[in-house]
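Q: Please take a close look at a single part of this structure and at what surrounds it. I would like a connected description, with the cut-off behind each term.

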Amino acid sequence: MRSYRELFRTPEYTPFFFSFAAQNAALTISGLALATLVYKATESPLLSAVSMFGPQLAQMLGATFFLSGADRLPPRLTLTGINTAFAVCTAVLALPGLPIGAVFAVVFAQGLIASLGGGVSGGLLNEILSKDGYLLGRSVFNMASGLMQVTGFATGGALLALLSPRACLLLAAALYATTALVLRLGLTARPPRTAGRPSIAATWRTNALLWSSRPRRLTYLGMWIPNGLIVGCESLYVSYDSGSAGVLFASAALGMFVGDLALGRFTPPTLRARLDTPLRLLLATPYLFFALHPRMPWAAIAVSLASIGYGASLVLQERLMKLTPPELAGHALGLRSAGMLSLQGIGAALAGTVAQLTTPATAMTLVAAASAAVTLTLALLGRQQRGEIPEAQMA
């Protein structure tokens, strides 16, 4: 499957795609509004960063206990319920006078709920599309995420100039509710992919199986750590330049869109498989420029260029699917999503802490250097396992 027309003619793909796009728009608008609200209340770069990316901190905890549900729960019902819960949580965050402690409690609850969503969505996409169409379909989802972030952050920045952060949160809650409705009406009621009840024991057992393969471990770490550290850089946009934060977020999303388009549509598979390390280095290197405290438009150009490197996630997801049995696809993708988002939350907390002790620009530079160092280390470790047969790693 190499045609976008063929992709969107696939049954269920179109409503699934539009629900994903609406969810990402809601996420970006609510994240920017909440970070702005917290920063105005506390003047803390750390709390602002954690409020925006805090739900990710709960993702790994949720993956530890709930991820077996990714393949053991009906997809349509589960995704509809998750977006309904997001709508309720976002509306609660808009309540006037909500204490900071309560804000972070709601943010943590959102992260626990979201820990199941990545696996259910990834597994469902793997069912809707044929194997030869998965990477193209996934790249379109990633491009939609980039476009919705461009739109969401640009719109969010404009809305924050006209409305209060709480009004923006209510608009995001309405978008989540719309997403739930689209999923309920547009998807087929499919049965779970795997028999049995979700349980903590099943989650731990499958996590251990997935983690037992060295190639899969390196693939997971490559998707999690460099990405998470750079998201830590992004979490400092508000404290780096609050007036231009929306532009910086939109620039990052634009770069991600370009990278996903180039990797998913125009790069031959043989070349694509060799680009994961160069792309992850590209993800980090332009942020070293922030040591010079650049202003607009140079900061936006650096951010946009760096974000092309997010295309490495497509290469690594394709590799993960080749290393994973089909019946564990949802769980494997859910672990990918939960780990990636958890490391993004950790990256935000780490970058915010460094910024609290130094400056946002210094923190961006140091965290980007750490991301590049991790990428080089993983590349060296990966050379030791080249030539291993994927099937031998399933045991």
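A: A cavity, on a 1 Å grid over the protein atoms alone, is a set of points where a 1.4 Å probe fits but cannot get out, and its lining residues have an atom within 4 Å of a point. Points are joined across faces, edges and corners, and a volume is the space filled by probe spheres set on the points. A search of the whole structure on this basis finds 2 cavities of 30 Å³ or more. The model is predicted, so local features need pLDDT of at least 70 and side-chain atom pairs count only at pLDDT 80 or more, whereas totals for chains, interfaces and linings use all residues. Residues are numbered from 1 along each chain as its sequence is written, and side-chain values use heavy atoms, with hydrogens and water left out.

The part chosen here is the second largest cavity, which holds about 70 Å³ of space. Its lining is made up of G222, M223, P226, N227, R280, L283, G309, Y310, A312, S313 and L316. Helix 11, helix 15 (276–284) and helix 17 each supply at least two residues of that lining, and helix 11 gives the most, with 4 residues. Helices are DSSP runs (H or I, at least four residues), numbered from the N terminus.

Helix 17 (residues 312–322) repays a closer view: 8 of its 11 residues are buried, so this helix is largely enclosed by the rest of the structure. Buried here means under 20% relative accessible area, as found with a 1.4 Å probe on protein chains only. The buried residues of helix 17 are A312, S313, L314, V315, L316, Q317, L320 and M321, and among them A312, S313 and L316 also line the second largest cavity.

Helix 17 is also met by N142, a residue of helix 8. Leaving aside neighbours within four places in sequence, N142 is in contact (heavy atoms within 4.5 Å) with S313, L314 and Q317, and also with M256 and D260. The C-alpha atoms of N142 and L261 are separated by 8.7 Å, although the two residues are 119 places apart along the chain. N142 itself is buried, with a relative accessible area of 10%.

The nonpolar packing gives the wider setting, where a nonpolar core is a set of buried Ala, Val, Leu, Ile, Met, Phe, Trp, Tyr and Cys residues joined through side-chain atoms within 4.5 Å. The largest such core has 58 residues, and Y13, F16, L34, L79, F141, L169 and Y220 are those with the most contacts inside it. Helix 17 supplies at least two residues of this core, as does each of helix 2 (13–42), helix 6 (75–93), helix 7 (100–128), helix 8 (134–162), helix 9 (165–186), helix 11 (214–234) and helix 18 (329–357). The largest share, 10 residues, comes from helix 2. F141, again without its neighbours within four places in sequence, is in contact with Y13, F16, F17, F20 and L125. A second, separate core of 35 residues includes A35, C233, Y310 and A368, and Y310 is one of the residues that line the second largest cavity.

Elsewhere, T365 lies in helix 19 (residues 360–383) and, at 16% relative accessibility, counts as buried. Not counting residues up to four places away in sequence, T365 touches Y287, L288, F290 and A291.

How values were computed:
Buried means under 20% relative accessible area, exposed over 50%, partly exposed in between (1.4 Å probe, protein chains only). On a 1 Å grid over the protein atoms alone, a cavity is a set of points where a 1.4 Å probe fits but cannot get out, and a pocket is an open set with protein on both sides within 12 Å along at least five of seven lines; lining residues have an atom within 4 Å of a point.
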